[in-house]
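Dear colleague,

Please find below the structure that I am handing over to you, shown with its sequence. My notes on what was found follow directly after it.

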Amino acid sequence: MTAVEHDADVIVVGAGPGGSATAYHLARHGVRVLLLEKTEFPREKVCGDGLTPRAVRQLIRMGVDTSPEAGWLHNKGLRVIGGGVRLELDWPDLASFPNYGLVRTRLDFDDLLAQRAVAAGAKLRTNVNVIGPVLDGDGRVTGVEAEVGPDKQPTTFHAPLVVAADGVSGRFPLALGLAKREDRPIGVAVRRYYHSPAKHDDDYLESWLELRSKDSGDNLLPGYGWIFGLGDGRVNVGLGVLNSSSAFGKTNYRRLLTDWLANTPADWGMTDETNADGPILGAALPMGFNRVPHYTRGVMLVGDSGGMVNPFNGEGIAYAMESGELAAEVAVQALARPAGPERERALMAYPSELKARLGGYYRLGGIFVKLIGRPEIMRIATKHGMPHPTLMRFVLKLLANLTDPRGGDAMDRVINAMTKAAPAV
């Protein structure tokens, strides 16, 4: 049998935040990385565009300049609206995370991260649509089949390890028979940009726990909403509905968004269609490790491909980048070993460590999703919880997964103990 010449040490499929983070950290360690992206940059992605301190930490670890001068809008924390209360909660002051969040559109955010990977030494190829794996005689993945360029030229790329960072569609893991788990939470989000001079430079991310239309009276609309200022005259406005809600899959989400916005103040500019900047777009939010295993047969799953969105708050970018960094660390150690059982043993550290870091927390998130899917529980929680700032600071830390792992305050210790006690998903 003729030895196949490898195009790279690792092929990364998808140049979103997870894929670019993986490629960056691999390249920084001297690994030959081929980063394949099916579209051209800049490109649009459906997202809230808001980044918590957890995501900011990952940007800093990639050497990204997050200063306002570099085009980032900083925010102090989260403004929560519900139960007749409007509460501003600053991001916690922690040793492990910065104390600010950011907002930036995905149009140039993803491009910026991909260029960080290139600067570290990764080779980026765009307009490469990966359509499936290349398998050896033992069923192990040794590369990818792709269509390259506008003429869709069939091309094969080889590497001893492949990272699937191809987003919520998960076409690559699906080709290996890795389907989504139906017993894990999933959400649907829709969002739209509006021109809003009144809200565009808000220094808080705004979260609406209760949504009402003009004619809904005391009846709540399903889901939760957000309004994030972009600092350029526009806001990102959206809402999400979880599969624990009876409205999931049975609702016109775009109509739901416009019904809610029709009830916002006129000077915000979101009741007037002429202020809209582009259409309403939607996407799925794969949560709580809803595709496993995260390593199998020469393939590591990163970010949305592995269902890593936080069930508590719908945040995906931070976990895509974190899993990418972890995948890179494990891959570097594994590739230093000879191919075979020894390397496989090293690669299995990836799903084990993901489970140790996030498994218990995501288990709690699954319980949370089931609870807030019931409007009567949500109504009681907002009515009795929102008037208590100390309780809400605890909730913010829990929902955003922002605690110091060692030391920290009493809230940190309680949350850390809860996540350790919960059986991992």
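In this predicted model, one helix contact deserves a description residue by residue. On the α1 side, the contact is made by Pro17, Gly18, Ala21, Thr22, His25 and Leu26, and these residues meet Ile317, Ala320, Met321, Gly324, Glu325, Ala327, Ala328, Ala331 and Val332 of α6. By residue class, this contact of α1 with α6 comprises 10 nonpolar, 4 polar and 1 charged.

As to the geometry, helix α1 covers residues 17-28 and helix α6 covers residues 317-335; the two pack at an angle of about 30°, and their axes lie 7 Å apart. Because angles under 35 degrees count as roughly parallel, α1 is described as roughly parallel to α6. The crossing in which α1 passes α6 is right-handed.

The second part of these notes concerns a sheet. Its 3 strands follow the order β9-β10-β11, and they form an open sheet with antiparallel pairing. The edges are occupied by β9 (128-135) and β11 (153-158); each has a single partner strand, so one side of each is left without a neighbour in the sheet. From one strand to the next, the twist averages 25°.

Within this sheet, β9 pairs with strand β10 (residues 141-148) in the antiparallel sense, over 7 bridges. Val128 is found opposite Val148 in β10.

With kind regards

Conventions
Residues are numbered from 1 along each chain as its sequence is written. This is a predicted model: local features need pLDDT of at least 70, side-chain atom pairs count only at pLDDT 80 or more; totals for chains, interfaces and linings use all residues. Side-chain values use heavy atoms; hydrogens and water are left out. Axes are lines fitted to C-alpha atoms, for helices over the stretch in contact, and angles run from 0 to 180 degrees between N-to-C directions. Helices (H or I, at least four residues) and strands (E, at least two) are DSSP runs, numbered from the N terminus. Angles under 35 degrees count as roughly parallel, over 145 as roughly antiparallel, 65 to 115 as roughly perpendicular and the rest as oblique. A crossing is left-handed if the near helix is turned anticlockwise from the far one by less than a right angle, and right-handed if clockwise. Contact means heavy atoms within 4.5 Å. Ala, Val, Leu, Ile, Met, Phe, Trp, Tyr, Cys and Pro count as nonpolar, Asp, Glu, Lys and Arg as charged, and the others, Gly among them, as polar. Two strands pair if DSSP finds at least two bridges between them.
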